[in-house]
Amino acid sequence: CLQGLIARENDAAVFLENGESDYSWRQYCASEYGVFFKNIGYNELFLQYADLIEEIVIYDNNGYEFNTAFTMASIHNGICLDGESIRQIDADVLKGKETVDVRNLWPSFDDAVNYAFENLVDKCTPGYFASVNSNTCLLDYLYATKTFCIDLTSDSTGIISRVSQAFSIDTFGLYFGSSLHEEIISSLSAEGFVFVPSDSLSNSTMLSSLPKLNMQMTQDTPNNQSTGQDKIFLSLNLIDSSVLESTMNYRKIIQSADLASLDLGISVNPILLELAHPIISWYYQNKPAEHEIISSVDGIGRVDWSVFKSDYIDDLREETGSLLDKIGINILPLSGNAETCSDFISGIKSDCFFISSKTPVSGSAPDTAVSGSDFTSGVSSADSNMQSNTVDTSSATGNTESDSSQHDDTDIDISSINIKNMLELKEALSQFIISAGSDTAFAYISLDSSIANDLFLKDIVNYINDINDYNNIVLLTPSGLYVEADSRSNV
């Protein structure tokens, strides 16, 4: 709370270091932005900024009050503390402060929720809401922006509907949370909210306060040197769908000479340009030339495209497209398919591919694309959060009856393979190659960036090299794969 309060009410910024990732970002900010960091203890920090604190909210850390208590503190320039923490704070910090003890204020979960809607939501920033706990990394940003925080552990659909009715806005909204349950994503989408992961990104208020570096954020479209032979074209992509910041694995990848020269896609959430722009700068400064920055799944946050509120599609497309353009991203993975996403992709400059279904490439604008067949079996458009599935070999070549009835045989389909371990890769790739036969085939391979470390990536590359002698496999960047497929469509 205090970190967000200081960011909102004072020129200073507080950086909390709690782990290897925070240490790395502190080092980067010091070297690239000339930031001087002064170590300070919690009590000293509270004493230094005690004048900013207007209210102390005491909650039960083992109860259900935190979201409502946190929101109450945010809109009243207060801090919320559990019973144990308040005993560790210097008495001078608490002197003269209004104290609100909510430990016995709300007898039930429903009471806490109803209190928040009746007394707090109209004082929060319209269009922003979240579900948090005391360990949520993004608390400083949510506090500083007066985000309405509400517990979704019970009756999530009903509460989301109440939030939508409480906000008098006529555009899409943002929900910050840590649960990627498809049911919650669908309920959010139906009300026009985009799911933004709140885990892993700490110190957003400090990072976003830094001046933006003067650098050009562009990526060149690759010029592939195709031999004209029938090949298996693949693109390896580290995909983030559940976190905002996950550079630790990638730092190890770029330290490996073999992997630094590998054609590879790395997903970055474009909303970081607003929440923590130094992270975007770091990627551009450190990524090898062979690596390509692509968007995280669905752009700024997860969406169930089959039910997303149609009135807000244009606004979401405009905002997403603007952020992608600003940070030079040319590839956007989507969790839906060509049919459910057709309205959204009609005006997006970036090329899109679908992580749970085939991507039709017909050499024309994205809005003319038709629905492709599911490549990963048993995955619907709303159930596509990096799931691991066996390849559906009957549709891998794009020559099924349903495909041929909807678009020309000369059109190209890019398949999608999602894996979490080597066994899944071997099984999926084997089925894909067999189903392709002697035809040219294309596939995006999505790897969960939270588990795709340097050792896992080396195992993948070694395996592909082992089978390459007789399968004629070519690895390309994400844009390279799309360009290659596009060049061969309708030829």
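## Helix H1 and its surroundings

In helix H1, which spans residues 2-9, the buried residues are Leu2, Gln3, Gly4, Leu5 and Ile6. These buried residues of H1 pack against four elements, namely helix H3 (42-48), strand S2 (78-82), helix H8 (139-144) and H11. The model described here is a predicted one, and the values that follow were computed from it.

## The chain as a whole

The chain contains 21 helices and 16 strands, and of its 491 residues, 57% count as buried. If one takes the contacts between residues at least 6 apart in sequence, 77% of them join residues that are at least 24 apart.

Two pairs of residues illustrate how positions separated along the chain can be compared in space. Glycine 336 and serine 306 are 30 residues apart along the chain, and their C-alpha atoms are separated by 7.3 Å. Glutamine 216 and serine 281 are 65 residues apart along the chain, with their C-alpha atoms separated by 9.5 Å.

Is glycine 336 buried or exposed? Glycine 336 is found in the loop between strand S11 (331-334) and helix H17 (342-345), and it counts as buried because its relative accessibility is 1%, which falls under the 20% limit. Glutamine 216 lies in the loop between helix H11 (204-209) and strand S8 (232-239), and it counts as exposed because its relative accessibility of 66% is over the 50% limit.

## Helix H12 and its two partners

Helix H12 is mostly covered, since six of its eight residues are buried. The buried residues of H12 are Thr247, Asn249, Tyr250, Arg251, Ile253 and Ile254. Two packed helices are described by the angle between their axes and the distance between the axes, and both values are available for H12 with each of two other helices, H15 and H2.

Helix H12 (residues 247-254) packs with helix H15 (residues 277-286) at an angle of about 15 degrees, and their axes are 12 Å apart. Because angles under 35 degrees count as roughly parallel, H12 is described as roughly parallel to H15. H12 passes H15 in a left-handed crossing, and the contact is made by Thr247, Tyr250, Arg251 and Ile254 of H12 together with Trp282, Tyr283 and Asn286 of H15. Sorted by class, the residues in the contact of H12 with H15 are four nonpolar, two polar and one charged.

Helix H2 (residues 20-33) and H12 pack at an angle of about 65 degrees, with axes 10 Å apart. Since angles from 65 to 115 degrees count as roughly perpendicular, H2 is described as roughly perpendicular to H12. On the H2 side, the contact is made by Glu20, Ser21, Ser24 and Trp25, while Thr247, Met248 and Arg251 take part from H12. By class, the contact of H2 with H12 has two nonpolar, three polar and two charged residues. Thr247 and Arg251 are listed in the contact with H15 and also in the contact with H2.

## Two residues with positive phi

Most residues other than glycine have a negative phi. Serine 200 has a positive phi of about 85 degrees although it is not a glycine, and asparagine 203, which is not a glycine either, has a positive phi of about 60 degrees.

Serine 200 is found in the loop between strand S7 (193-197) and H11, and asparagine 203 has its place in the loop between S7 and H11 as well. Serine 200 is partly exposed because its relative accessible area is 24%, a value between the limits of 20% and 50%. Asparagine 203, at 2% relative accessibility, is under the 20% limit and therefore counts as buried.

## Cysteines without disulfides

How many disulfides does a search of the whole structure find? The search finds zero disulfides. A disulfide is a covalent bond between the sulfur atoms of two cysteines, and the cut-off used to recognise one is a pair of sulfur atoms within 2.5 Å.

For cysteine 80, the nearest cysteine sulfur is that of cysteine 1, at 3.4 Å, and cysteine 80 is in no disulfide. Cysteine 80 has a relative accessible area of 10% and so is buried. For cysteine 352, which is also in no disulfide, the nearest cysteine sulfur is that of cysteine 341, 7.7 Å away. Cysteine 352 counts as buried because its relative accessibility is 8%.

Methods. Residues numbered from 1 in each chain as written. Predicted model: local features only at pLDDT ≥ 70, side-chain atom pairs only at ≥ 80, totals over all residues. Heavy atoms only, no water. Buried < 20%, exposed > 50% of the residue type's maximum accessible area, 1.4 Å probe, protein only. Axes fitted to C-alpha atoms, helices over the stretch in contact; angles between N-to-C directions. Parallel < 35°, antiparallel > 145°, perpendicular 65-115°, else oblique. Left-handed = near helix turned anticlockwise from the far one by under 90°. Contact = heavy atoms within 4.5 Å. Nonpolar A, V, L, I, M, F, W, Y, C, P; charged D, E, K, R; others polar.
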